[in-house]
Amino acid sequence: MAVSPTAPHCYSLSTLHSSLFPSFRPRSILSFYPKPKRVQRRFFVRASATLESSNGAIVAEESGNSTSYGRQFFPLAAVVGQDAIKTALLLGAIDREIGGIAISGKRGTAKTVMARGLHAILPPIDVVVGSIANADPTHPEEWEDGLAEQVEYDSAGNIKTQIVRSPFVQIPLGVTEDRLVGSVDVEESVKTGTTVFQPGLLAEAHRGVLYVDEINLLDEGISNLLLNVLTEGVNIVEREGISFRHPCKPLLIATYNPEEGAVREHLLDRIAINLSADLPMNFEDRVAAVGIATQFQECSNEVFKMVEEETEYAKTQIILAREYLKDVSISRDQLKYLVIEALRGGCQGHRADIYAARVAKCLTALEGREKVTVDDLKKA
């Protein structure tokens, strides 16, 4: 790729097309999916605005004009290379319970950039008004304690809900157990005369992304507690005279630098997808990466506009794939193939087989199919 001497900081979409999402080329969304014989689903949005909530949702402008909100993070579609990691992040967006994603790499390999970039393409979620844990109105059996008695109804007798932005919660390295799982709200408890639960980071992350940077440096007790809650899908707090439980099913994304210490084996064993960002980059891709990063620093709006079409396409792709995933099937012979490959790889236990089956189904849904193919199995 030649760099123009007269416009060194201007990179068009056509210039960088080989470095962006491999499957997100600008094209008609309908052309991505083969013409299915099944009945096409229709999606109805119950609200046109994104409301502010305790999980950091932004307030939509009534006029429709978008304004910057805090720090703007580098868009995932503008990351040069790293196709395998970007695909894995998409699979996690389709199925939050896929088992988590771990990204290793040295400094400056865009690990955190890609993790944060996923947040921008996550579809908003519908939550019950008054919920402290982003309760899903369609799954009342998963609501936190006490919500059923406090739920509000509209004039038609329907549960009041609101559309909020998918949460993105980062676990700091020095996080305490109280901040992570929740504790007693002393101030409110004194005011009301009853024990009041103060939700932690796990409650905020439900149905969103839970991001852990440098997971290899995270306290061992905290990391064990975190993985136990994610495995169970529910956080149960029994302490200081309080008993409370709430759902916790976020997508776990963890990054780490192997040079700063290895990740404990039992942690990696509980994470479905482990990928490395330390991949060789050719000269042209390196020039493109520097160019797009420089352009983002000088004029981020231009970069967002440049990848807007691919970003919107990714959002639609995730929404459709979530629906297709409900109908995806995998045969017994295909499961046998995954088990054989796991045995050949010396994998202990059954987690590798289960994770591989789930990844294969997500790959199938991503391409709008109902049946898992050989290629899906090989990629998984």
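**A parallel sheet and two nonpolar cores**

In this predicted model, five strands make up an open sheet, ordered β4-β7-β10-β1-β11, with parallel pairing. Strands and helices here are DSSP runs, numbered from the N terminus (strands: E, at least two residues; helices: H or I, at least four). Two strands pair if DSSP finds at least two bridges between them. The edges of the sheet are β4 (168–171) and β11 (273–276), each of which pairs on one side only. On average, neighbouring strands are turned by 20° against each other, direction ignored.

Strand β1 (residues 101–104) pairs with β11 in the parallel sense, over four bridges. Ile103 has Leu275 in β11 as its bridge partner.

Helix α3 (residues 111–119) lies across β1, β4, β7 (209–213) and β10 (251–256), and runs at about 160° to β10. Such angles run from 0 to 180 degrees between N-to-C directions, with axes fitted to C-alpha atoms, for helices over the stretch in contact (heavy atoms within 4.5 Å).

A nonpolar core is a set of buried Ala, Val, Leu, Ile, Met, Phe, Trp, Tyr and Cys residues joined through side-chain atoms within 4.5 Å. Buried means under 20% relative accessible area (1.4 Å probe, protein chains only). The largest core has 54 residues, and Leu89, Leu118 and Ile253 have the most contacts inside it. Helix α14 (residues 351–366) gives the largest share of this core, nine residues. Another core, of 30 residues, lies apart from it and includes Val169, Val181, Val184 and Phe244.

Leu89 touches Leu76, Ile101, Met114, Ala115, Leu118 and Ile253, leaving out residues up to four places away in sequence.

Residues are numbered from 1 along each chain as its sequence is written. Local features need pLDDT of at least 70 and side-chain atom pairs count only at pLDDT 80 or more, while totals for chains, interfaces and linings use all residues; side-chain values use heavy atoms, without hydrogens and water.

Note on methods. Buried < 20%, exposed > 50% of the residue type's maximum accessible area, 1.4 Å probe, protein only.
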